[in-house]
Amino acid sequence: MTKTDDIPEATLEDRLHTLAKAGIASIPVVGAAASELFAVILASPLEKRRIEWMNDVAEHLKELEERGELNLEDLQDNETFITTVMQASQAAIRNHQSEKREVLRNAVLNAALPNAPEESIQQLFINQVATFTVWHIRLLDLFKDSPAWFEKNGVKSSALPSLGNLEQLITTAWPDLKNQEDFLNAVVQELEAKGLFKSSGLLSSMSLRDVYDKKTTKMGDAFLEFITAP
């Protein structure tokens, strides 16, 4: 393994940037200015993301090795791990949200461990993180164990209304999501379509007990475990 501060050689993204910049520069009159504008707007932030991502992953892998949970040298020949790193890196560099970058990093760390999920499952979960919004992940975490979520996040029982559907559960957790029924419905339906969550619908009436019951599937639990820090 390379040292934490060793940055990989130019990637495909770097080469594409070089080609794009050269293409813009070839445009008559405004070419040079446009080329510099491209470099200022995109080149520096993308490079910064790449460096921050690689260093973050390297530092946490080193911590796992120091805890005796893995051997970094063994990872050099682990093709599944390398594929997961590349797949997660592409998604991380394209995203500015720290929450999504964190779960992608966690996925890489879990992929490095001896009990990592099977290769196809890893690829499936990385693809889902890449396409999901942060709300897909937040809601799935809430649905796994709502009472524990409320306790962990300091929501007092007195703040809970007489719940009767999932929308009320969600908006109790995040009041800012009130009047976002269409968005929430789209997220819930997608989680269900991916086989991570099961429900009778966002607005379906149910008892208080049913609202609080666990709603993630076995696959949903495995997904959350894979993107949670080991």
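**Ser199**

I started at Ser199 and looked up its contacts: leaving out residues up to four places away in sequence, Ser199 touches Leu166 and Glu192. The model I am reading is a predicted one. I placed Ser199 in the loop between H10 and helix H11, which spans 208–212. I also looked up the separation of the C-alpha atoms of Ser199 and Val188, which is 8.6 Å, with the two positions eleven residues apart along the chain.

**Overall layout**

I then went to the whole chain. I find twelve helices and zero strands in the protein. Read from the N terminus on, the order of elements is α-α-α-α-α-α-α-α-α-α-α-α. The protein has 230 residues, and 38% of them count as buried. For contacts between residues at least 6 apart in sequence, I noted that 69% join residues at least 24 apart.

**Ile93**

I looked up Ile93 next and found it in helix H4, residues 79–93. Is Ile93 buried or exposed? Its relative accessible area is 11%, so I enter Ile93 as buried, the cut-off being under 20%. Which residues does Ile93 touch, not counting those up to four places away in sequence? I list Leu46, Arg49, Arg50 and Arg101. For Arg50 I also have a backbone distance: its C-alpha atom is separated from that of Ile93 by 5.8 Å, although the two are 43 residues apart along the chain.

**Aromatic pairs**

I counted ring pairs and got eight aromatic pairs. I took Phe132 and Phe223 as an example. Why is this pair edge-to-face? The ring centres are 6.0 Å apart and the planes stand at 70°, and I call the pair edge-to-face because the angle is over 60 degrees. The pair links distant parts of the chain, 91 residues apart: Phe132 is in the loop between helix H6 (119–131) and helix H7 (134–144), and Phe223 is in helix H12 (residues 218–226). I checked burial for both: Phe132 is buried at 1% relative accessibility, and Phe223 is buried at 0%.

I noted a further aromatic pair, Trp149 with Trp174, also edge-to-face, with 4.9 Å centre to centre and 65° between the planes. Trp149 sits in helix H8 (residues 146–152) and Trp174 in the loop between helix H9 (166–173) and helix H10 (181–193), so this pair ties together parts 25 residues apart in sequence. Trp149 counts as buried at 10% relative accessibility, and Trp174 is buried with a relative accessible area of 15%.

I followed the ring pairs further and arrived at a cluster of Trp135, Trp149, Phe150, Trp174 and Tyr212. On Trp135 I also noted a charge: Arg138 lies over the face of the ring, 4.4 Å from the ring centre.

**Helix H12**

Since Phe223 is in H12, I looked up the burial of that helix. Which residues of H12 are buried? I list Gly220, Asp221, Phe223, Leu224 and Phe226. I then looked up what the buried residues of H12 pack against, and the answer is H5, H6 and H7. As a reminder to myself, an α-helix has 3.6 residues a turn, so residues three or four places apart point the same way.

**Second largest pocket**

I looked up the second largest pocket and entered a volume of about 510 Å³. How many residues line the second largest pocket? I count 18, and those nearest its centre are Ile137, Asp141, Trp149, Lys152 and Thr228. Trp149 thus turns up here as well as in the ring cluster. By helix, H5 (98–112), H7 and H8 each supply at least two residues of the lining. By type, I divided the lining residues of this pocket into eight nonpolar, three polar and seven charged.

**Asn179**

My last entry is Asn179, in the loop between H9 and H10. Its phi is near 65°, a positive value in a residue other than glycine. Is Asn179 buried or exposed? I enter Asn179 as exposed because its relative accessible area is 77%, and the cut-off for exposed is over 50%.

Key
Residues are numbered from 1 along each chain as its sequence is written. This is a predicted model: local features need pLDDT of at least 70, side-chain atom pairs count only at pLDDT 80 or more; totals for chains, interfaces and linings use all residues. Side-chain values use heavy atoms; hydrogens and water are left out. Rings of Phe, Tyr and Trp (its six-membered ring) pair if their centres lie within 6.5 Å; planes under 30 degrees apart count as stacked, over 60 as edge-to-face and the rest as tilted. Helices (H or I, at least four residues) and strands (E, at least two) are DSSP runs, numbered from the N terminus. Buried means under 20% relative accessible area, exposed over 50%, partly exposed in between (1.4 Å probe, protein chains only). A charge sits over a ring if NZ of Lys or CZ of Arg is within 6 Å of the ring centre and within 35 degrees of the ring normal. On a 1 Å grid over the protein atoms alone, a cavity is a set of points where a 1.4 Å probe fits but cannot get out, and a pocket is an open set with protein on both sides within 12 Å along at least five of seven lines; lining residues have an atom within 4 Å of a point. Grid points are joined across faces, edges and corners, and a volume is the space filled by probe spheres set on the points. Ala, Val, Leu, Ile, Met, Phe, Trp, Tyr, Cys and Pro count as nonpolar, Asp, Glu, Lys and Arg as charged, and the others, Gly among them, as polar. Contact means heavy atoms within 4.5 Å.
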